[in-house]
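Colleague: I'd like to learn how to read a model like this one feature at a time. Can you walk me through it?

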Amino acid sequence: MFKRKLLCLQHHSPDSIDIKDEKAFRALVVWLEDQKIRHYKIEDRTELRAMSSPHWTDGTLNKYLSDLGYPFDRGNRIAVVDWLLGYAVKAEYAENAEQLTKAAESLASAAAADQGKDSKTPLQGGRRLDPESEEFKAGVSQLAKMFQLPSHADHVLLFKAIGILIEERLSPEAIAKAQQETKGQTFKSGDLIPLSKVELGFTVSDPVLNDAAKVLRLLHVAELRNLQTKINEIIVAVQKLTANPKTDQRLGKVGV
């Protein structure tokens, strides 16, 4: 519950503090005052350090909380510990405000620089591609049309979808799988169509992208044909059942 604040305060055992244990609770309060809060002078901490005193909780602790200005129920140990830890964190920051502020500014600058680097994808020649540029958006839109993907308001998400499509259809693994599936099959001369004679339906200036789009379109058509074949097989199977129904003549009756 208090691990993050204890880690921030560099406590020696942030994972093993049990405030239900009276000895551990008192030791934590004394540690916070000695190491972090330091509200009392060293010579005035004697009563607080006398943790075995029978009047420590009702007398010493109540006075200490009053001196710090604790505003909540003192019978709620969780609230007491949480408030003291927060007080200690504020005291720690106040003591090292300038150093901590410089460290925070340095981290913020480094994070901003990293974000700026990550927002652009490195290309060949040292160039970087800005995903928010109009050139990138236009390129994504052109690729989506080429692969017959529906448009999307988020161009980055659409670009990821294009990448998944290419990986599934044109990756070395996908090509090897397709070759394995067609291994041993024989084709007639009329079954092979030159890619140059395949109609894409639209033109692309880049011939490599143009051929890739044709391949993807042919694969899509092949999948549709396979789906249609399976649907036809199901229809035929159903028709066999409905066209030649079997009857049990023993259940029939003649006359009344």
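Modeller: Sure. Keep in mind that this is a predicted model. Let's start with Arg38, which is partly exposed, with a relative accessible area of 35%. That label applies because the value lies between the 20% and 50% cut-offs.

Colleague: Where is Arg38 found?

Modeller: Arg38 is in the loop between H2 and helix H3 (46-49). Look at its backbone too: phi of Arg38 is near 55°, a positive value in a residue other than glycine.

Colleague: And Gln10, is that one buried or exposed?

Modeller: Exposed: Gln10 has a relative accessible area of 63%, and the label follows because exposed means over 50%. Gln10 sits in the loop between H1 and helix H2 (22-37). Its phi is near 60°, again positive in a non-glycine residue.

Colleague: Now a helix. How do I check the length of H5?

Modeller: Compare the expected span with the distance between the ends. At 1.5 Å a residue, the 19 residues of H5 should span 27 Å, and the end C-alpha atoms are 27 Å apart, so the two agree. At the start of H5, a side-chain oxygen of Asn76 comes to within 3.2 Å of the backbone nitrogen of Ile78.

Colleague: Which residues of H5 are buried?

Modeller: First the general idea: an α-helix has 3.6 residues a turn, so residues three or four places apart point the same way. Here, the buried residues of H5 are Val80, Val81, Trp83, Leu84, Leu85, Ala88 and Ala91. Their cover includes H1, H2 and helix H4 (56-68).

Colleague: Helix H4 holds Thr60. Why does Thr60 count as buried?

Modeller: Because its relative accessible area is 15%, and buried means under 20%. Setting aside neighbours within four places in sequence, Thr60 is in contact with Glu47, Leu48 and His55.

Colleague: Last one, pockets. What is the volume of the second largest pocket?

Modeller: About 190 Å³. Of the 13 residues lining that pocket, the closest to its centre are Met1, Phe2, Ile17, Asp18 and Ile19.

Colleague: Which helices each supply at least two residues of that lining?

Modeller: Helix H1 (3-8) and helix H5 (77-95) do. So what should you check next?

Colleague: The chemistry, I guess. How many residues of the lining are nonpolar, polar and charged?

Modeller: For the second largest pocket, the lining divides into seven nonpolar, one polar and five charged residues.

Definitions and conventions: Residues numbered from 1 in each chain as written. Predicted model: local features only at pLDDT ≥ 70, side-chain atom pairs only at ≥ 80, totals over all residues. Heavy atoms only, no water. 1 Å grid on protein atoms, 1.4 Å probe; cavity = no way out; pocket = protein on both sides within 12 Å on 5 of 7 lines; lining within 4 Å. Points joined across faces, edges and corners; volume = space filled by probe spheres on them. Helix = DSSP H or I, 4+ residues; strand = E, 2+ residues; numbered from the N terminus. Nonpolar A, V, L, I, M, F, W, Y, C, P; charged D, E, K, R; others polar. Buried < 20%, exposed > 50% of the residue type's maximum accessible area, 1.4 Å probe, protein only. Expected span 1.5 Å × (residues − 1). Contact = heavy atoms within 4.5 Å. Polar contact = N/O pair within 3.5 Å; in protein donor to acceptor, adjacent residues only side chain to side chain.
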